[in-house]
Every structure is written in C-alpha cells, then in structure tokens.
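Me: Please examine the structure below with me, taking a charged side chain to begin with and a sheet afterwards.

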There are 2 protein chains.
Amino acid sequence: MSDSSLLASLIEALRCLPGVGSRSAQRMAFHLLERDREGALRLSDRLREAVERIGHCKVCRTLTELEICRICADPGRQRDTLCVVETPAEVLAIEQATGYRGLYHVLMGRLSPLDGIGPEELGLDRLEERLASGEIREVILATNTTVEGEVTAHYIGEMAKTHGARTTRIAHGVPLGGELDHVDRGTLSHAFEGRREY
Amino acid sequence: MSDSSLLASLIEALRCLPGVGSRSAQRMAFHLLERDREGALRLSDRLREAVERIGHCKVCRTLTELEICRICADPGRQRDTLCVVETPAEVLAIEQATGYRGLYHVLMGRLSPLDGIGPEELGLDRLEERLASGEIREVILATNTTVEGEVTAHYIGEMAKTHGARTTRIAHGVPLGGELDHVDRGTLSHAFEGRREY
C-alpha cells in the first residue's frame, strides 16, 4: 500500500514463502493485521526460533534442533536398515505413511556436479563411515526418479555394495487408485518394465 | 515432524496465514529452513514490526503506522469527496485501478448488529463529524453488495443526506469482458435494472 511503508515491506517479506505471489501476500498481510495480530506475533517468534536453533542431525542430516535427531537417537529403531532420501520432508512422508522402523540418511539435495553438488555436499563421506561400521545390512534407495536422483541412487548403491550391504530401490509405478489413462507415459512404461509374477 | 518440536511449532504457526493448510505450512517451513533462512528472519522482523507499529489512521481508519495516513495528509487530494469502503485492501484496489483523488472512510467491517457491530465500531461517529464540518460534498458508497454491505450503505447514505452531501453508489453489473452466460443471476438482474440510455 502506497500508504504505509511498513505494510508494503511486510507484503514484500511474505513473498519469500513458496507459492505466495503479490496478491496472496497482500491478502495475508491484511488478514493478519485486521484479524490475527496474535497469530502474526507467534509466527514471528517461531520463525526466528526455528532459524536460530534448527540445524542438522549429526548422524542423518535431517533438520532438528537436537544434536542427534529423535529418530537416530531412538533405541527402538532397527539399526541395520537405512533409507536414503533427498529431503527432510520425505522423512516425514515416510514416517506418516509407512511402518518403516529403520534409520535414514537425508541427502539435503542430489548429486549435481554442474551446480557444484558432489558427494561431500550430500554427506556421503558420513554415509560411507556408517556403512563401513558394518552395522547396516540394507540400504533402501528412495531418491526421486529424476536424472540426478537416479545418478545419486546409483552412486550410493555402488558404495553400499563395496561395503557388503544389500541395496533396494522403492517401487515406482501406477499409484494406487490411479487410472491408466491418467498416468504419465514414463510411469506407465516403468510399471510395465517392473511387472511382477501374479 | 515428530522429530523436531521447533519445526512442528513453526508449521503450526504458519497455519495462521489465510489459505494455508497443514500441507502448505509444511512445505513453507521446509522451504524456509532449507533454502531461505534469510527470508525467514526478514519475515519474522517485518511481522513483529508491523504488528507493533501499524495502527489505524485517526481520520479515515485505514491501516498505517502514521497518526494520519498518507492519503488523508496529502494536500493534493480532493477534500470534498469521500469514498466509503469496508477494508484497507479496498482502498489499495481503488488506488491501483482508478484515478480517484478524493479521500476515504474505511469502515473496517460492516453493520452487523447480531455480531455486536454497530455504528460506533465502524467509526460512523467520526464520519458524522467529518460530514458535519460541511467540507464534504459527495459521499461515494463502495461497500459490498452483501445484505450487511447494503444496510451499511443505506445507513451512511441517510446520514450524508442530513448533512446535505450528495451520495452516489459505485456501479454494479456485468464485469468488463464478462460473458453473460458466465455471470451469476444476481449480477445479471442487477445489470438489467441498472441499464442506461445508449
């Protein structure tokens, strides 16, 4: 609003949120100021707190304010199974959807030499140490099916093999309830190649 | 994430934003922590600053950190024309879309006795003072076409008349470029009733 530089800079700042353009940012700013100032203050505090205190787990690299995240520190988890994912959001999705009880390695990205993202940036040195300890028997590769995701999966698969761990890849195919004519061609062709005995 | 209570409370806090459910909140939290911590800190500061310093203009009641907002304080604005709107967002919309150079009164709501919103809550005592000063010749009613919006417009229209000000209502009808068969019935019937000589 030409009328209030503080309001204008709040609207501008809200645009750092993914999926928020200038119109939604405006709507958000007005909503907070007119109807939820308490929520705005709480959000302000939570943002600062999160940025200042949330770092990465020393073991699996996921986001956490602890030195070692709750999953890595949980004595009830299977310590011989390790699932490799690209982001902390994927850890959350797996935890919520599956009964998986093993551990994780969170890459926080994928191999992409052109962007300067090599094995070290993904903590693969740390992962290799974990593999070298001999404790891990199975590495589940759950990186995405993008080119970089596949390259990363391949790289980690080779690494796991040299340390004698079994490697598996999560299944890709037609989603449950998905209709064949609504599924993209890549997925459908992958589902055919990956067909199993019935 | 079960794994980080700070992350969980950031996700929860983000849900105070309009249109943000738990999934978007999650996506926003991960985005900020993984890719834009600087933006998150800036947003935290802007939120606190805005809540602590933005109040209402003493004259027109719009949101501003100033005692009297820039529009009310602008000597270049026509002081004999006053547009009545429900929210500061509508001031912004009018400023951006039209060449209107008069002043505003921002109701910050609409008459709704059942919700305990009477003339005082909408600053109509203050508006009456402005009308009584005799400076205002035209009051443009730009409240919405909801029942409460119309009741509010009627109430203010009567008030303006007793002070000898002309009252006008912005035109409602088929939007420019709108197709008749895509316009709701209320709008279409309103457009017919409000037809003009061609």
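Me: Which side chain of opposite charge is nearest to Glu90(A), and how far away is it?

Reply: This is a predicted model, in which local features need pLDDT of at least 70 and side-chain atom pairs count only at pLDDT 80 or more. Residues are numbered from 1 along each chain as its sequence is written, and side-chain values use heavy atoms. Glu90(A) is buried (under 20% relative accessible area, 1.4 Å probe, protein chains only) and has no salt bridge, a term for a side-chain nitrogen of Lys or Arg within 4 Å of a carboxyl oxygen of Asp or Glu. The nearest side chain of opposite charge (Lys and Arg positive, Asp and Glu negative) is Arg110(A), at 6.4 Å.

Me: Which side chain forms a polar contact of 3.5 Å with that of Glu90(A)?

Reply: A polar atom of the Glu90(A) side chain lies 2.8 Å from the backbone nitrogen of Glu86(A). The side-chain partner at 3.5 Å, in a polar contact (N or O atoms within 3.5 Å, one able to donate a hydrogen and the other to accept it), is Asn144(A).

Me: Why does one side of strands S4 and S6 of chain B lack a neighbour in the sheet?

Reply: Four strands (DSSP E runs of at least two residues) of chain B form an open parallel sheet in the order S4-S3-S5-S6, where pairing requires at least two bridges. S4 (103-106) and S6 (166-169) of chain B stand at the edges, so one side of each has no neighbour, because each has a single partner strand.

Me: What is the bridge partner of Glu138(B) in S6(B)?

Reply: Strand S5 (residues 138-141) of chain B pairs with S6(B) in the parallel sense over four bridges. In S6(B), the partner of Glu138(B) is Arg166(B).

Notes
Chains lettered and ligands numbered in written order. Buried < 20%, exposed > 50% of the residue type's maximum accessible area, 1.4 Å probe, protein only.
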